[in-house]
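Reader: I would like to go through the fold and the internal spaces of a protein model. Where should the reading start?

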Amino acid sequence: MRALIVGAGCCGASAARRLAEYGWQVTVADRRDHIGGNAYDQRDENGILYHVYGPHVFFTNRKEVWNFLSPFSEWVPFRCSLRVWIEGCSYPMPFQPETLRGLLPGHADAVLAAMKRQWSGRSCVTVLELLTAGDPLLRLAGQRLYDCDCMPYNQKQWGLRPDELLPEVIARAPVYLEDQRDFRSEAYQFMPANGFTPVFQAMLNHPSIEIQTSVDAFDLLSVSDGRITWKTSRQWDVVLYTGPIDRLFGNQAGPLPYRTLRFDMQIRDVRAGLPCLAMYYPETQFPWTRCTDYRYLPGNAGSPEKTLVISERPGPVISPKDELYYVVLTEQSKEQYRRYRQMAERIPHLYAAGRLADFQYYNMDAAVERGLEAAEEIHRRERGCA
């Protein structure tokens with residue numbers, strides 16, 4: 001059987017490989033001129049490896065995801081630290097005792113003791129939990145973190161008032177009860193020795209996979225009257241669509257809201273680089289939300305004197321050429337997405353999965369897992385395989 005997969009990012013490429021291994025003939029079409037989706041990386045004119053669409057770091061507790069990816073590259077252990085710039089000082093991310101001592105002088109130890117009493121046995125809580133705690137001291141700590149970081153950062157990132165965003169957006173900000181040396185604690189933390197692009201090349205290097213880049217899926221098909229209509233002489237038995245789900249249906253339920261990013265690249269002396277892989281800037285006086293110093297990536301032995309620092313400025317999607325980086329979760333957008341999902345489920349042989357098709361933020365491992373799950377579902381339902 002033949003499958004058309006729209007999108008060559010983490011979800012689409014993973015699904016393509018799994019279906020090919022099951023004996024499917026797979027065509028992967030991507031509107032960009034490269035594979036890898038937002039994880040695509042390349043070297044600049046100075047030979048510095050950087051991520052074109054913003055930094056990606058691989059970490060997971062999903063053993064099956066790691067077992068799937070590990071054959072496609074030489075991987076090196078990689079643990080990184082991130083920091084946030086608040087009121088003229090940098091603090092470790094995520095929030096932890098060192099952060100609290102800097103932002104709540106005189107209260108931090110009492111706050112930590114109260115957190116340990118309230119949430120005994122847990123390693124972290126969220127800012128939202130602090131804000132809604134019964135103890136006024138915990139609420140004080142939550143309000144301080146919210147006011148100096150969560151509120152200004154979310155307003156800058158999403159372009160919305162805090163009350164317009166769903167609580168789950170704020171709830172992503174954890175506060176650890178013990179200091180953390182590393183940004184993440186997952187069991188598998190690795191980076192490909194030569195970048196992510198070769199990983200995707202190896203993943204899609206299969207005799208049953210055909211790759212078409214610079215191809216707009218809507219030149220191949222349309223969805224109308226409850227079915228897939230082909231626009232060329234080629235046809236496929238199944239479509240897995242990983243792009244924006246609202247565009248698949250011509251924005252019938254209204255366009256879904258997204259945010260884009262604009263990047264400023266600077267070659268700096270190493271002494272003017274960052275003290276870690278990335279620094280976050282929640283305060284409105286800075287136009288960017290994050291700066292990344294790429295000398296910290298594996299594969300960048302690089303010049304001892306120079307480094308590449310890229311700053312990210314979030315903004316609204318204005319042009320059709322603007323990349324869709326982040327979905328904006330509100331009560332209205334979730335309801336719109338629910339309607340699009342119902343439309344997709346009514347069309348035979350059409351599957352939708354991935355960050356934009358699911359209208360959901362995914363870390364890399366979750367996007368890979370979603371692709372593998374989609375492939376399993378397609379193989380099971382279309383071929384009747386157990």
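Author: Start with the contacts. In this predicted model, 72% of the contacts with a separation of 6 or more are between residues 24 or more positions apart.

Reader: Which secondary structure elements does the protein have?

Author: The protein has 21 strands and 11 helices.

Reader: How is the radius of gyration to be read for 386 residues?

Author: Set the value against the one expected for a compact globule. For 386 residues that expectation is near 21 Å, and the protein has 22 Å, so the two agree. The extents add direction: the C-alpha trace spans about 70 × 50 × 40 Å along the principal axes.

Reader: What share of the residues counts as buried, and what supplies the exposed area?

Author: Buried here means under 20% relative accessible area. By that cut-off, 55% of the 386 residues are buried. The exposed area is about 17,500 Å², with 48% of it from carbon and sulfur atoms.

Reader: Now the enclosed spaces. How many cavities of 30 Å³ or more are there?

Author: A cavity is a space where the probe fits but cannot get out. Three cavities reach 30 Å³ or more. The largest has a volume of about 60 Å³, and the second largest holds about 50 Å³.

Reader: Which residues line the largest cavity, and of what class are they?

Author: The lining consists of Cys10, Leu69, Trp75, Phe196, Val199, Phe200, Met203, Met364 and Val368. By class, nine are nonpolar, with no polar and no charged residues. Helices H8 (197-203) and H11 (364-383) each supply at least two of the lining residues, and H8 has the largest share, with three.

Reader: What does the lining of the second largest cavity look like by class?

Author: Six of its residues are nonpolar, none is polar and one is charged. Arg172 is in this lining, together with Trp158, Val169, Tyr326, Val327, Leu329 and Tyr361.

Reader: And the open spaces: what is the volume of the second largest pocket, and which residues lie nearest its centre?

Author: A pocket, unlike a cavity, is an open set of points. The second largest pocket has a volume of about 230 Å³. Of its 15 lining residues, Glu345, Leu350, Tyr351, Glu377 and Arg381 lie nearest the centre. The lining divides into eight nonpolar, one polar and six charged residues.

Reader: Which element gives the most to that lining?

Author: H11 does, with five residues. Helix H10 (331-345) and strand S21 (350-352) also supply at least two residues each. H11 is thus met twice, as it also contributes to the lining of the largest cavity.

Notes. Residues are numbered from 1 along each chain as its sequence is written. This is a predicted model: local features need pLDDT of at least 70, side-chain atom pairs count only at pLDDT 80 or more; totals for chains, interfaces and linings use all residues. Side-chain values use heavy atoms; hydrogens and water are left out. On a 1 Å grid over the protein atoms alone, a cavity is a set of points where a 1.4 Å probe fits but cannot get out, and a pocket is an open set with protein on both sides within 12 Å along at least five of seven lines; lining residues have an atom within 4 Å of a point. Grid points are joined across faces, edges and corners, and a volume is the space filled by probe spheres set on the points. Helices (H or I, at least four residues) and strands (E, at least two) are DSSP runs, numbered from the N terminus. Ala, Val, Leu, Ile, Met, Phe, Trp, Tyr, Cys and Pro count as nonpolar, Asp, Glu, Lys and Arg as charged, and the others, Gly among them, as polar. The radius of gyration is taken over C-alpha atoms; the globule rule is 2.2 Å times the number of residues to the power 0.38. Buried means under 20% relative accessible area, exposed over 50%, partly exposed in between (1.4 Å probe, protein chains only). Contact means heavy atoms within 4.5 Å. Accessible areas come from the Shrake-Rupley method with a 1.4 Å probe; for residues, only the protein chains shown count as cover.
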